[in-house]
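Work through the exercises below with the sequence and the coordinates at hand. Each task is followed by a worked solution.

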Amino acid sequence: MTIRTRDTDGISMMTFSMMGLGSIFFVVNGLMWRNYPLAITNIITAVCAVIIFGSGSEPESGFLTCFYNKCDYSHERPHL
C-alpha cells in the first residue's frame, strides 16, 4: 500500500535502515554459504526497501532525494 499511495509518514526510517542493512548481511551470508534461496530472498527484500525509501508523498520528499540533498528531518520528532 505504501508504494501505491506514496505515503511514507508512518514508517520509521531507523527500522527500515536496520532491516535493509540486515538484508544486505543476509545476502552476503547466503552467497558465502552458497545458500542461493537465502540470498535471492534478501535481494528482493533490499530492493523493496530501496523502493520504499525512494518513494514519498511528493517526488522530491523521498528518502533518497533528501539523503543526497541533506533534507532537515528535525521537525519530525521532538527532541527529548
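## Exercise 1: The overall fold

Among contacts in the protein (heavy atoms within 4.5 Å) between residues at least 6 apart in sequence, 39% join residues at least 24 apart. The model is a predicted one, in which local features need pLDDT of at least 70 and side-chain atom pairs count only at pLDDT 80 or more, while totals for chains, interfaces and linings use all residues. Residues are numbered from 1 along each chain as its sequence is written, and side-chain values use heavy atoms, with hydrogens and water left out.

Task: State which elements make up the protein and in what order, what share of the residues is buried, and what the accessible surface comes to.

Solution.

1. Assign the elements. Helices (H or I, at least four residues) and strands (E, at least two) are DSSP runs, numbered from the N terminus. The protein has four helices and zero strands, and its elements run α-α-α-α from the N terminus on.
2. Classify the residues. Buried means under 20% relative accessible area, exposed over 50%, and partly exposed in between (1.4 Å probe, protein chains only). Of the 80 residues, 20% count as buried.
3. Take the surface. Accessible areas come from the Shrake-Rupley method with a 1.4 Å probe; for residues, only the protein chains shown count as cover. The total is about 6500 Å², and 66% of it belongs to carbon and sulfur atoms.

## Exercise 2: The two sides of α2

Task: Check the length of helix α2 against the expected span, then decide where its buried residues lie around the axis.

Solution.

1. The expected span of a helix is 1.5 Å times one less than its number of residues. For the 20 residues of α2 (residues 13-32) this gives 28 Å, and the end C-alpha atoms are 29 Å apart, which agrees.
2. The buried residues of α2 are F16, G20, S23, V27 and G30. They cover an arc of only 85° around the axis (taken from the directions from the helix axis to the C-beta atoms), so they are on the same side of α2.
3. The spacing has a general basis. An α-helix has 3.6 residues a turn, so residues three or four places apart point the same way.
4. On the other side of α2, the exposed residues are M14, T15, M18, F25 and M32. M18 counts as exposed because its relative accessibility is 52%, and F25 because its value is 55%.
5. M14, M18, L21 and F25 make a nonpolar surface patch of about 460 Å². Patches are made of residues with over 30% relative accessible area and no salt bridge: like charges are joined within 9 Å, nonpolar side chains (Val, Leu, Ile, Met, Phe, Trp, Tyr) within 5 Å. A salt bridge is a side-chain nitrogen of Lys or Arg within 4 Å of a carboxyl oxygen of Asp or Glu.

## Exercise 3: α3 and its contacts with α2

Task: Which residues of α3 are buried, and which residues does S23 contact beyond its neighbours within four places in sequence?

Solution.

1. α3 has 19 residues and reaches 27 Å from its first C-alpha to its last, close to the 27 Å expected at 1.5 Å a residue.
2. In α3 the buried residues are A39, N42, A46, A49, I52 and F53. Seen down the axis of α3, they fall within an arc of 150°, so they line one face of the helix.
3. α3 (36-54) is included in what covers the buried residues of α2.
4. S23, in helix α2, counts as buried because its relative accessibility is 4%. Leaving aside its neighbours within four places in sequence, S23 is in contact with N42, T45 and A46.

## Exercise 4: Distances and the loop

Task: Give the C-alpha separations of V28 and N42, F25 and N42, and G22 and T45, then describe R34.

Solution.

1. V28 and N42, 14 residues apart along the chain, have C-alpha atoms separated by 9.5 Å. V28 is partly exposed, at 41% relative accessibility.
2. F25 and N42 are 17 residues apart in sequence and 8.8 Å apart in space, C-alpha to C-alpha.
3. G22 and T45, 23 residues apart along the chain, have C-alpha atoms separated by 9.9 Å. G22 is partly exposed, at 25% relative accessibility.
4. R34 is in the loop between α2 and α3. Its phi is near 55°, a positive value in a residue other than glycine. With a relative accessible area of 65%, R34 is exposed.
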